[in-house]
Amino acid sequence: MQLSVQVDERRFMSNITRMVSAPFKTITIRDTMSDLPDIRNGAKAEEISYQGDPQSHFQKLIRGRQHQPILRDHICKDMNALVHARMQHIPLAPGSDWRSLPNIEVRLSDGTKSKKLQYTHHDKRNGKASNGNLRGVCSCAEGKQCDPMDRQFNTIVPWCLPHTGNRHNHWAGLYGRLEWDGFFSTTVTNPEPMGKQGRVLHPEQHRVVSVRECARSQGFPDTYRFFGTILDRHRQVGNAVPPPMGRAIGLELKKSLEWKAQKEPKQEEEESVKEEGMEIESKIEESPVKAGSSKC
Ligand SMILES: [Zn+2]
């Protein structure tokens, strides 16, 4: 029975109709990529071994039929020493992002040392921290003009994020990790922890997502080849219409053309009889509906 609700004299019906099949289950990040081997920040090896069997039905399908299974494009952008250190300090807990970064000095992989972020100004909007410390990082926090001298570099907590956080929902999601039990946000053309969509860190490894992980998020089979630099490959993946969606649209178009073809021949027949008398049969065969449906 269809759900309905009565308000005064009017009865409102739900616009949800039954489908012929059950809705699809969500495919999680784990379903998508838990079988891929660990790699490091900046991994470059274009062809490696899977090092194990698929762990989900999705992984089994996405690996495709490969004669000699080779994992390609499981490569990721090489982020600089500071960004790498930040990624190493993002906790593995679900939902973590830059706001979980500790304000500490650390030795970076290039030998230099990062600095602590200094809170130098009063933040008019947020007030003081619970221990009475200041929370602003620029004179604009006090309502004045920005002072270029207030800018800080080489800090684990990126200065520019608290600087403009009040205007940008505290930059939620930047330096964010994907969650094993979550799902992919929109696939980006260039995974960048400080980008508009900054939830691009692997759930457990201290690196941004690989080309192969992004390709899988779009439904590309592992046998599909990408070319060019790593950025070119990310762009090819990010700009693509997801292949399973293209397929679904194609199948629906085919269905609707077939449905139309079933309904329409009668009308055409009548018109054809009037106009051309005996040439009915050949006319029907040439009709665009039929040609279209056989192509799909
Ligand atoms: Zn400022």
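**A walk from the core to helix 7**

The largest nonpolar core has 28 residues, and Trp-98, Leu-201, Val-211 and Val-237 are those with the most contacts inside it. A nonpolar core here is a set of buried Ala, Val, Leu, Ile, Met, Phe, Trp, Tyr and Cys residues joined through C-beta atoms within 7 Å. Buried means 20 or more other C-beta atoms within 10 Å of a residue's own, exposed means 12 or fewer, and partly exposed is in between, with C-beta atoms placed from the backbone. Helix 1 (29–33), helix 3 (81–88), helix 5 (211–217) and helix 6 (230–239) each supply at least two residues of this core. Helix 5 gives the largest share, three residues.

Keep in mind that this is a predicted model: local features need pLDDT of at least 70, side-chain atom pairs count only at pLDDT 80 or more, and totals for chains, interfaces and linings use all residues. Residues are numbered from 1 along each chain as its sequence is written.

Now for Leu-201. Leaving aside neighbours within four places in sequence, Leu-201 is in contact with residues including Met-87, Tyr-175 and Val-208 (contact means C-beta atoms, placed from the backbone, within 7 Å).

Next, look at helix 6, where you'll find His-234. His-234 counts as buried because 28 other C-beta atoms lie within 10 Å. Not counting residues up to four places away in sequence, His-234 touches Thr-189, Asn-190, Pro-191, Val-211 and Cys-214.

Finally, helix 7 (residues 243–263) has 21 residues. Helices are DSSP runs of H or I, at least four residues, numbered from the N terminus. Helix 7 is hardly covered, with a count of zero buried residues.

Note on methods:
The expected span of a helix is 1.5 Å times one less than its number of residues. Two residues are in contact if their C-beta atoms, placed from the backbone, lie within 7 Å.
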